[in-house]
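Thank you all for making the time this morning. I would like to walk you through one structure, a region at a time, so please keep the view open while I talk.

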Amino acid sequence: MSGDTAREAVGDYRYGFHDPENATIRFDKGLSEQVVKDISELKGEPEWMTEIRVKAYHRFMEMPMPSWGNCDMLNQIDFDAVTYFLRSSEGTEKNWDDVPDDIKNTFDRLGIPEAEQKWLGGVTAQYESEAVYHSIREDLEEQGVLFLDMDSGLKEHPEIVKKYFCSVVPASDNKFSALNTAVWSGGSFIYVPKGVHVEMPVQAYFRINAKNMGQFERTLIIADEGSSIHYVEGCTAPTYSTESLHSAVVELIAMDGAKIRYSTVQNWSANVYNLVTKRGIAHSNATIEWVDGNIGSKLTMKYPAVILKGEGAHAEVISVAYAGKGQHQDAGAKVHHLAPNTTSNILSKSISKNGGRSSYRGMLQVTPKANGCRSKVVCDALMLDADSQSDTYPTMEVGNSSADLEHEASVSKVSNDQLFYLMSRGHSEEEAMGMIVNGFFEPFTRELPMEYAVELNRLLELEMEGAIG
Amino acid sequence: MLSVDNLHVSVDDTEIIKGLSLRINLGEVHAIMGRNGSGKSTLANVIMGHPAYEITSGVIKFKGTPLEEMEVFERARAGMFLSFQYPSSIPGVQVGTFLRKSVSAVRGEDAPSAREFRKELKAHMEALEMDKSFLSRYVNDGFSGGEKKRLEILQMLLLNPTLALLDETDSGLDIDALRVVAEGINSITPTAGCLLITHYQRLLDHVEPDYVHVMIDGKIVKTGGSGLAAELESKGYDWLEV
């Protein structure tokens with residue numbers, strides 16, 4: 001695919017710009033045990049982490065590609081063409097003025113410093129493999145909240161990292177979690193002390209700039225008893241004609257009575273493979289909420305999961321996927337009810353357009369010991385034309401007959417009558433389509449911080465432009 | 001302002017309107033009455049531009065421009081409004097947002113400022129006896145028949161059309177709602193042309209038409225003054241059939 005066709009395929013992708021690459025350290029393409037050891041050594045990591053990495057590397061090499069999902073696309077990934085580590089800045093700065101100019105410009109264009117001033121409690125900005133900027137509001141720091149990039153987290157709090165790293169998502173969970181564990185770099189490390197409520201969301205922004213780059217951030221969030229936090233994640237990349245690989249692992253631990261909300265709007269350019277493992281463990285009466293939006297990427301495979309381990313724990317997974325030309329959004333949710341009286345809600349909404357494909361893949365498990373569980377799963381798909389595709393793969397494993405489970409699924413099309421109605425109110429066909437699409441995603445959008453909601457609506461309206469014939 | 005000349009319209013190769021002519025001037029109220037299936041609703045929808053209908057011959061002009069040259073949204077922006085018999089629901093889109101966007105699309109440069117818009121909206125909603133909780137509901141989603149019709153009339157008042165087509169706006173309304181809706185219609189007619197499609201006399205007790213047309217099998221078979229509506233009410237349509 002030439003650069004022009006790549007641009008055509010993704011339409012008017014606003015974040016498709018790239019800056020000159022000024023790497024201070026760039027590893028050769030391809031993966032080997034030596035590359036894994038070099039990353040660890042370069043970062044000055046403790047030996048136990050190097051061992052985890054090397055072991056994970058071997059697991060990755062042994063494990064076959066998944067035999068489900070979009071195998072055609074998966075098998076196109078050329079692991080030897082990927083750059084596994086790229087350092088673009090000497091350190092992580094606390095002040096935007098100290099971030100190298102070209103990188104700062106990128107984040108300016110993405111509106112991150114502005115958002116930070118207005119509505120965020122803390123920001124990590126990751127460029128390629130590592131965080132280039134990091135800050136947290138003083139009042140949060142005084143309350144003992146730890147919010148660091150993952151590399152600093154390991155340096156400054158190795159005992160916490162050692163205890164929880166891979167405790168929710170083991171390296172061998174799947175091929176891509178093994179890869180991430182082997183070559184991880186960057187990501188966020190958060191610890192919220194007992195009873196502390198972080199009122200303003202904290203945000204991490206992930207930007208890939210270089211060609212054929214692999215970004216493997218690793219995020220670990222621990223909310224101690226009775227605490228709460230809302231973490232927001234955004235991601236973009238330039239539009240190159242060759243593919244990049246984003247393969248993250250996110251682990252959440254919500255102790256008794258704690259609440260973690262993790263909101264993502266991934267808007268990778270349409271040449272990025274986005275293969276992510278996100279999972280949380282909720283202890284007694286804890287709540288984990290995944291608010292997960294998938295707009296960009298070439299292929300996304302992501303099924304945010306919650307293990308309801310303690311009695312009375314609650315999971316909420318609200319996700320939307322938009323699949324345009326050449327895109328496959330294979331997304332969904334997994335909830336495991338391991339304890340009595342646990343509850344979950346899953347709402348998944350997807351839109352397919354211009355031959356795009358969206359799949360819902362879900363798993364709901366209730367173990368024999370889990371009495372009195374309740375779960376509701378709702379999947380709605382909206383097709384904007386006849387070339388597009390939507391499919392659903394729900395799995396239920398119910399081992400306890402007291403469970404109260406509901407499952408609803410619908411596939412709908414935009415009707416001519418709806419379009420005619422809106423057009424008779426002065427809206428062009430594209431505007432009408434934009435309104436219907438935004439309306440369809442509204443149950444998701446209203447869960448986002450206002451700034452993200454506005455941006456998402458605008459993005460979807462842009463997607464509708466020039467697309468109707 | 002609106003001229004329809006020898007109009008023929010088909011849906012899926014079945015002819016529904018079979019040679020119909022009509023002229024509506026500014027300030028005139030025309031009522032079209034007829035049985036179900038006579039083609040009344042088709043006429044309203046075809047004037048607004050519903051894609052399911054095909055004009056096989058004849059011309060419709062609005063303010064001198066043939067409508068075939070105008071997209072549906074352009075007709076709306078030029079001052080045409082259709083109050084739907086069965087308005088579509090748009091889940092997830094709040095009434096308040098929808099109204100604001102529609103007003104700015106239709107009225108363009110003349111659209112009111114945010115503050116004036118709120119003022120207009122409040123006044124019209126009070127007149128239509130609509131609670132402000134309407135604004136945060138989704139457009140027509142889970143609305144009762146009467147609520148849908150009120151929302152249609154609210155849109156008409158806000159969009160301030162020069163030609164209002166009202167398709168069975170009176171059906172499914174109780175007496176109070178009918179009165180409120182009729183007041184809405186009366187408030188725009190001094191400055192707009194209006195085409196009321198109905199098969200009941202009762203709306204015409206509140207809105208006095210200048211002309212009443214009787215439509216049977218795709219044609220206007222008789223035109224008279226407001227007295228014709230009362231005559232139809234007592235005698236039915238049989239006496240007009242050929």
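Strand β15 of chain A, residues 287-294, is joined to β13(A) by eight bridges, and the two strands run parallel. Please keep in mind throughout that what we are looking at is a predicted model. To place one pair within this ladder, I260(A) stands opposite I288(A) in β15(A).

β13(A) has a further partner to look at, because strand β10 of chain A, residues 228-236, pairs with β13(A) in the parallel sense, again over eight bridges. There, C235(A) has Q266(A) of β13(A) as its bridge partner. In general, strands of a sheet pair through backbone hydrogen bonds, and they may do so either parallel or antiparallel. How many of the eight residues of β13(A) are buried? Seven of them are, over the stretch 259-266, and so this strand is largely enclosed by the rest of the structure.

Let me move to chain B, where an open sheet of four strands follows the order β2-β1-β4-β5, with antiparallel pairing. Its edge strands are β2(B), residues 14-24, and β5(B), residues 65-66, each of which pairs on one side only. β5(B) is held to strand β4(B), residues 54-62, by two bridges, the strands running antiparallel, and F62(B) finds its bridge partner in T65(B) of β5(B). Helix α1 of chain B, residues 40-48, packs on this sheet and touches β1, β2 and β4 of chain B, while its direction makes about 70° with that of β2(B).

Now to the place where the chains meet: 20 residues of chain A are in contact with 20 residues of chain B. On the side of chain A that touches chain B, α11(A), residues 416-423, and α12(A), residues 429-445, each supply at least two residues. By class, the residues on that side of chain A are eight nonpolar, nine polar and three charged.

Those two helices also pack on each other, so how are they arranged? The axes of α11(A) and α12(A) are 9 Å apart and the helices pack at an angle of about 115°, which means that α11(A) is roughly perpendicular to α12(A). In passing α12(A), α11(A) makes a right-handed crossing. From α11(A) the contact draws on Q418(A), L419(A), L422(A) and M423(A), and from α12(A) on E429(A), A432(A), M435(A) and I436(A). Sorted by class, this contact of α11(A) with α12(A) has six nonpolar residues, one polar and one charged.

Conventions
Residues are numbered from 1 along each chain as its sequence is written. Chains are lettered from A and ligands numbered from 1 in the order in which they are written. This is a predicted model: local features need pLDDT of at least 70, side-chain atom pairs count only at pLDDT 80 or more; totals for chains, interfaces and linings use all residues. Two residues are in contact if their C-beta atoms, placed from the backbone, lie within 7 Å. Ala, Val, Leu, Ile, Met, Phe, Trp, Tyr, Cys and Pro count as nonpolar, Asp, Glu, Lys and Arg as charged, and the others, Gly among them, as polar. Axes are lines fitted to C-alpha atoms, for helices over the stretch in contact, and angles run from 0 to 180 degrees between N-to-C directions. Angles under 35 degrees count as roughly parallel, over 145 as roughly antiparallel, 65 to 115 as roughly perpendicular and the rest as oblique. A crossing is left-handed if the near helix is turned anticlockwise from the far one by less than a right angle, and right-handed if clockwise. Two strands pair if DSSP finds at least two bridges between them. A residue is buried if 20 or more other C-beta atoms lie within 10 Å of its own, exposed if 12 or fewer, and partly exposed in between; C-beta atoms are placed from the backbone.
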